[in-house]
Amino acid sequence: MTIEECYSMMDGDWDGIKRRLGNEDLIARLSIKFLSAKEYSEIGIAISERDWEKAFLNAHTLKGVALNLGYNDLAKATSNLTELLRPRKLDNPREADRLYLSVTSEYNKVINAINAYKDSTL
């Protein structure tokens with residue numbers, strides 16, 4: 001599997017990332033490094049603890065990383081969660097739970113694609 005095929009598997013913005021970074025090896029290294037990012041799990045912990053500040057900061061960071069790496073579906077899902085959390089207080093905490101499920105779905109799609117790519121290079 002190529003890194004381009006990995007992006008296709010996750011519905012990532014291959015043309016955009018290729019245009020911005022231009023180097024497939026760099027794109028591959030950054031994608032594999034993404035596997036060790038802690039923001040996604042930190043969002044889940046913060047939401048379960050109803051720590052809206054921590055959830056917001058991690059969601060905002062994950063959104064930016066996803067945008068920079070061309071993981072557009074993940075960026076959009078995380079952006080929706082970020083905007084809900086922006087006031088750092090919620091009238092309906094279940095909405096955060098619902099949006100986190102959407103982030104989880106997109107995150108898993110990205111992680112699965114990257115892991116498939118990584119496994120194919122071993």
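## Met9 and its surroundings

Setting aside residues within four places in sequence, Met9 is in contact with Met1, Lys109, Asn112, Ala113 and Ala116. Met9 belongs to helix α1. The structure under discussion is a predicted model. One of the contacts of Met9 spans much of the sequence: Met9 and Ala113 are 104 residues apart along the chain, yet their C-alpha atoms are 5.8 Å apart in space.

Met9 has a relative accessibility of 42% and therefore counts as partly exposed. Its contact partner Ala113, by comparison, is listed among the buried residues of α7.

## The nonpolar core

In soluble globular proteins, nonpolar side chains tend to be buried together. Here, the largest nonpolar core has 37 residues, and those with the most contacts inside it are Phe34, Tyr71, Leu74, Leu81 and Leu85. At least two residues of this core come from each of α1 (3-9), α2 (14-21), α3 (24-34), α4 (39-49), α5 (52-69), α6 (72-85) and α7 (93-120). Helix α7 gives the most to the core, with ten residues.

Tyr71 shows how the core draws on separate parts of the sequence. Residues up to four places away not being counted, Tyr71 touches Tyr7, Met10, Ser31, Phe34, Ala66, Val110 and Ile114. Of these partners, Phe34 is itself named with Tyr71 among the core residues with the most contacts, while Val110 and Ile114 are buried residues of α7.

## Helix α7

Helix α7 has 28 residues, which at 1.5 Å a residue should span 40 Å; the C-alpha atoms at its ends are 40 Å apart, in agreement with that expectation. Its buried residues are Ala96, Leu99, Tyr100, Val103, Thr104, Glu106, Tyr107, Val110, Ile111, Ala113, Ile114 and Tyr117. The elements that cover them include α1, α3, α4, α5 and α6.

Glu106, a residue of α7, is an acidic side chain within this buried set. With a relative accessible area of 18%, Glu106 is buried because the value falls under the 20% limit. Apart from neighbours within four places in sequence, Glu106 is in contact with Asp73, Leu74 and Ala77. Glu106 also takes part in a network of salt bridges that links Asp11, Asp73, Glu106 and Lys109. Two members of that network appear in contacts already described: Asp73 is in contact with Glu106, and Lys109 is in contact with Met9.

## Aromatic pairs

The structure holds six aromatic pairs. In one of them, the rings of Tyr40 and Tyr100 have centres 5.2 Å apart and planes at 15 degrees, so the pair is stacked. This pair links distant parts of the chain, since Tyr40 lies in helix α4 and Tyr100 in helix α7, 60 residues apart. Tyr40 counts as buried at 14% relative accessibility, and Tyr100 is buried with a relative accessible area of 15%.

Tyr40 also pairs with Tyr107: the ring centres are 3.9 Å apart and the planes lie at 10 degrees, so this pair is stacked as well. Here too distant parts of the chain are linked, with Tyr40 in helix α4 and Tyr107 in helix α7, 67 residues apart. Both Tyr40 and Tyr107 are buried. These three tyrosines belong to one aromatic cluster formed by Tyr7, Trp14, Phe34, Tyr40, Tyr71, Tyr100 and Tyr107.

## Salt bridges

Nine salt bridges are found in the whole structure. In one, Glu42 is joined to Lys54, with the closest N and O atoms 3.1 Å apart. This bridge links distant parts of the chain: Glu42 is in helix α4 and Lys54 in helix α5, twelve residues apart. Glu42 is partly exposed, with a relative accessible area of 24%, and Lys54 counts as partly exposed at 26% relative accessibility.

Another salt bridge joins the side chains of Arg98 and Glu95, at 2.4 Å from N to O. These residues are three places apart in helix α7 and so are separated by about one helical turn. Arg98 is partly exposed, with a relative accessible area of 47%, and Glu95 is partly exposed, with 25%. A further bridge connects Glu24 and Lys18 at 3.5 Å, N to O; Glu24 counts as partly exposed at 35% relative accessibility, and Lys18 is partly exposed with a relative accessible area of 29%.

Notes
Residues numbered from 1 in each chain as written. Predicted model: local features only at pLDDT ≥ 70, side-chain atom pairs only at ≥ 80, totals over all residues. Heavy atoms only, no water. Core = buried A, V, L, I, M, F, W, Y, C linked by side-chain atoms within 4.5 Å. Buried < 20%, exposed > 50% of the residue type's maximum accessible area, 1.4 Å probe, protein only. Helix = DSSP H or I, 4+ residues; strand = E, 2+ residues; numbered from the N terminus. Contact = heavy atoms within 4.5 Å. Expected span 1.5 Å × (residues − 1). Phe/Tyr/Trp six-rings, centres within 6.5 Å; stacked < 30°, edge-to-face > 60°. Salt bridge = Lys/Arg side-chain N within 4 Å of Asp/Glu carboxyl O.
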